[in-house]
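I am opening the notebook on this entry and will write down what I looked up, in the order in which I looked.

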Amino acid sequence: MSKPLKQIHLAAHFPGVNNTTVWSDPRAGSHIEFSSFAHFARTAERAKFDFLFLAEGLRLREQGGHIYDLDVVGRPDTFTVLSALAAVTERLGLTGTINSTFNEPYEVARQFASLDHLSGGRAAWNVVTSWDAFTGENFRRGGFLPQEERYSRAKEFLATANELFDSWDGNEIVADQETGVFLRDAKAGAFVHSGQHFDIEGRFNVPRSPQGRPVIFQAGDSDEGREFAASSADAIFSRYADLDTGRAFYTDVKNRLARHGRRPDQLLVLPAATFVLGDTDEEARELAHDVRRQQVSGATALKHLEFVWNRDLSSYDPDGPLPDVDPDVSDTHISKGRAQVRMYRDPLAIAREWRERAEANNWSIRDLVIETGNRQNFIGTPETVARTINDYVQSDAADGFILVPHITPTGLDPFADKVVPLLQEQGVFRTDYEGTTLRDHLGLDAPA
């Protein structure tokens, strides 16, 4: 008996401040005007996507004392944008990334419960942590939290928020105008929480929302992050969008669920992925090469190399060889607010490896950054891309993808118009929404 075809989940990541964005392209629009968000959301909903995804930035990143160039596009407030989008969409899920390090559970639970009400049950929360004192300088506590406590606070933060969501069971409101009785249960919303990070008591002032709780996403890739997702999340946002690493990641996180008493289908694996379409596969490859050169300008290449070297490399030629000086391994970093810096735990070893690869392949600095950095995941004709995405999902490299186009806000349009119909013809993607809530779209159980 053949294995039944899995249904593909698709979401759209609004292109933000990272190197996937080509803001200098003549077709690029504003990253902050509402018309850009509205166009992007309407395209995703027209294509019957599960949800729109917003990342978070709590401080403009800096390098060498200057704002990192891509951050100039801005980072508006998540709840403001998603609330406005709730009014111009009807079915599309609305996922916001909100930090558990510098916020409070009551405030965040109230905002997500409100968004779930306003959107008719389409809210989702991507729970992330923050690790650096640089970001913390924007907040009252500064860099108050040791790195090793990030996830203990995040776990208690989410557990506390769930206690607040569950402080209403949904049947308390009577609102009988004849008897004057409004609440059946006078204790509705009452809560008490006492723990390591939070000690709060009071009344939660938002009645139970359509989904009961927002859908929970988790985006960390460390062992702690994967375990957090296996214990508490409905979906995990990964960076493994190629077949082999995707299957390894998928198997690892799905295998972790059993020890938390959960089934494999209770956690969806959704990698971020980019795409480039062409009339032929060769044309798409050429276009992808051009896009990558736009994404990694000479200045961007040098900035990226500075993540590892931790030195001012502005005097180097990006089209020349790698620096012959070694990285500065002191604790003071010239790059502020970038999580990528933590990826290079041994800068001297990374520098040696990159020099060897650059020399072997005759790569310049810019060539090396293009080859070692993020790149387009799905390249080809619409037929090639649709077939590849389906192959990845059916072979358990993912349950679907969160697509990140490189043009704002129209970059998603060709995927919606050319690839989605092919997936629908293959019977692996919906032709219309079957439910009204995001949990309906994702096939997730309602919270107990």
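I began with strand β3, residues 62-63, and found that two bridges join this strand to β15, the two running antiparallel. Looking for the register of that pairing, I noted that Glu-62 stands opposite Lys-336 in β15. I should record here that the model I am reading is a predicted one.

I then followed the pairing outward and found an open sheet of three strands in the order β4-β3-β15, with antiparallel pairing. The edge strands are β4, at 66-67, and β15, at 335-336, and each of these pairs on one side only.

Next I turned to Asn-126, which I located in strand β6, a strand that spans residues 123-128. Is Asn-126 buried or exposed? I noted a relative accessible area of 2%, and because the cut-off for buried is under 20%, Asn-126 counts as buried. For its polar partner I looked at the side chain, which makes a polar contact of 3.0 Å with the side chain of Thr-97. Setting aside neighbours within four places in sequence, I listed the residues in contact with Asn-126, among them Phe-53, Thr-95, Gly-96, Ile-98 and Phe-217, and also Gln-218 and Ala-219.

Last, I looked at the surface, where Ile-173, Phe-182 and Leu-183 form a nonpolar patch with about 260 Å² of accessible area together. Of these residues I checked Leu-183, which I found in strand β8, residues 181-183. Its relative accessibility is 30%, so I entered Leu-183 as partly exposed.

Definitions and conventions
Residues numbered from 1 in each chain as written. Predicted model: local features only at pLDDT ≥ 70, side-chain atom pairs only at ≥ 80, totals over all residues. Heavy atoms only, no water. Helix = DSSP H or I, 4+ residues; strand = E, 2+ residues; numbered from the N terminus. Buried < 20%, exposed > 50% of the residue type's maximum accessible area, 1.4 Å probe, protein only. Polar contact = N/O pair within 3.5 Å; in protein donor to acceptor, adjacent residues only side chain to side chain. Contact = heavy atoms within 4.5 Å. Pairing = 2+ DSSP bridges. Patch = residues over 30% accessible without salt bridge, like charges linked within 9 Å, V, L, I, M, F, W, Y side chains within 5 Å. Areas by Shrake-Rupley, 256 points an atom, 1.4 Å probe, with all protein chains shown as cover. Salt bridge = Lys/Arg side-chain N within 4 Å of Asp/Glu carboxyl O.
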